[in-house]
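Please look over the model shown here before turning to the notes on its ligand, its domains and two of its residues.

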Amino acid sequence: MTTKDAGFNTKLVHAGAMHDPLGSAVTPIYQTSTFAFHDAQEGADRFAGKAEGYIYTRLGNPTIRALEDCVAELEGGCGGVATSSGMGAVSTAYISLLGHGAHVVSTAAVYGPSRRLLEEHFSRFGVTASFVDTSEIQNIEKALRPETQVLYVETPANPSMQVTDLEAAASIAHAHGALLVVDNTFASPYLQQPLRLGADVVLHSVTKFINGHADVVGGILVAREKPLLGRLRAVMIATGCNMDPHQAFLVHRGLKTLALRLDRAQASAHSIATWLEKRPEVAWVRYVGLPSHPQHELARKQMRGFGAMISFELVGGLEAGRRLMNRVRLATLAVSLGGVETLIEHPASMTHAGIPREEREKAGITDGLVRYSVGIEAVDDLIDDLEQALTG
Ligand code: LCS
């Protein structure tokens, strides 16, 4: 069935599903590394692109394809490329779109390794990068250079929760001849669809909301137009950071309940953020759904909902934050995010420890910042858990 004009929840369940001749209700797991050709001519024709059909799983596989087609339809793109991890998607985007001497302008508060990859590794190949607070559009304008090839935006950003105006970012990037790449992991396609706002490539760590069950690591890229999709796919194949069929099956299964999970988690996040903001032990709370968030109105305009991620700092700073993380009983003290279970972590010593302190502070990642990923547990239980941890 075609799901082109269907509602988002219908797309989640049916988009990309392959027609199985045996009538399997879900796309089967094609757990195979290779595909037999009927004869030598067919093999040659598939390699030459003259005949449709699968060849070898690193190049493509029906189970992986079903997930790629589903996410591409959700994001409003022309196709997707699934990868072994979110970082596989980030590095595929960088390798595909950057050349020797290229310059990147990036959100300062991106996921730590997305930044370190440019600073430590791409710098060896002559690529330079400027990291700025992209929530202030004039910072992007100032950082762009004639050799800027990519504007890389994470919004909401991990973990500062700063929101960047995607329509404005796309038009500035395009006016300078650069491409806009958006890491949409924190919002998911349910809450934000960057390609519809002018982005050229959108990527995800599907490890997070898209899979949603903290049992798979994976990534995906979606392009707005075919030539870019071809470049991304060619690099993914060449570097070998393909997804595995079983991994794709699990992610696709998790994806079907994305909207149900996020509706629940973001309602709870709203209640928890509102509760935290009133607590005397809490210095500040960053949740894009609170009117106190600096880009709350922008988030309201470009997102369908405010998501399930909260950052906050306690009055007692780092030491108080450490005590809180050690005392929670229901939330799990662990990195990652976007799953059905609530997680708490400390970016300055964990996910963003690789960024020097001064740079972290500039990116809004203070030493006392605690990140809280809200799951789908009963919200009263989560608030009780935080209360006993704050007051215990
Ligand atoms: N992009 C964002 C926004 C992320 O948060 C992460 C992982 C990645 C890309 C990389 O994805 P991965 O390769 O891990 O699938 N973020 C993590 C975090 O905040 N805690 O642990 C992992």
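The report below goes through the domains, the ligand shell and two individual residues in turn.

## Model and domains

The coordinates belong to a predicted model, and the values that follow should be read with that in mind. The domain assignment divides the protein chain into domain 1 (8-255) and domain 2 (258-391). Taken over C-alpha atoms, the centres of domain 1 and domain 2 are separated by 26 Å, and the two domains touch through 42 residues of domain 1 and 39 residues of domain 2.

## The ligand and its shell

Around the ligand there are 18 residues, of which Met87, Asp183, Ser205, Thr207 and Arg371 are the closest. Both domains take part in this shell, since domain 1 (8-255) and domain 2 (258-391) each supply at least three residues to it. By residue class, the shell consists of 5 nonpolar, 9 polar and 4 charged residues.

Three side chains place polar atoms at short listed distances from the ligand. For Asp183, a polar side-chain atom is found 2.6 Å from a nitrogen atom of the ligand. The other two distances involve oxygen on the ligand side: an N or O atom in the side chain of Ser205 is 2.8 Å from an oxygen atom of the ligand, and an N or O atom in the side chain of Arg371 is 2.7 Å from an oxygen atom of the ligand. Taken alone, the ligand would expose 480 Å², and the protein buries 93% of that area.

## His296

His296 is placed in helix α12, which covers residues 296-302. Is His296 buried or exposed? His296 counts as buried because its relative accessibility is 6%, which falls under the 20% cut-off.

The side chain of His296 reaches two backbone oxygens, that of Val288 at 2.8 Å and that of Leu290, which lies 3.4 Å from a polar atom of the side chain. When neighbours within four places in sequence are left aside, the residues in contact with His296 are Val288, Gly289, Leu290, Pro291 and Phe306.

## Leu229

Leu229 belongs to helix α9, spanning residues 226-239, and it is buried because its relative accessible area of 12% is under 20%. Apart from neighbours within four places in sequence, Leu229 is in contact with Cys78, Gly79, Gly80, Val81 and Ala223.

A distance along the chain can also be set beside a distance in space: Leu229 and Gly354 are 125 residues apart in sequence, and their C-alpha atoms are separated by 31 Å.

Key
Residues are numbered from 1 along each chain as its sequence is written. This is a predicted model: local features need pLDDT of at least 70, side-chain atom pairs count only at pLDDT 80 or more; totals for chains, interfaces and linings use all residues. Side-chain values use heavy atoms; hydrogens and water are left out. A residue is near a molecule or strand if one of its heavy atoms lies within 4 Å of it. A polar contact is a pair of N or O atoms within 3.5 Å; within protein, one must be able to donate a hydrogen and the other to accept it, and residues adjacent in sequence count only if both atoms are side-chain atoms. Accessible areas come from the Shrake-Rupley method with a 1.4 Å probe; for residues, only the protein chains shown count as cover. Ala, Val, Leu, Ile, Met, Phe, Trp, Tyr, Cys and Pro count as nonpolar, Asp, Glu, Lys and Arg as charged, and the others, Gly among them, as polar. Domain bounds come from an automatic or database domain assignment. Helices (H or I, at least four residues) and strands (E, at least two) are DSSP runs, numbered from the N terminus. Buried means under 20% relative accessible area, exposed over 50%, partly exposed in between (1.4 Å probe, protein chains only). Contact means heavy atoms within 4.5 Å.
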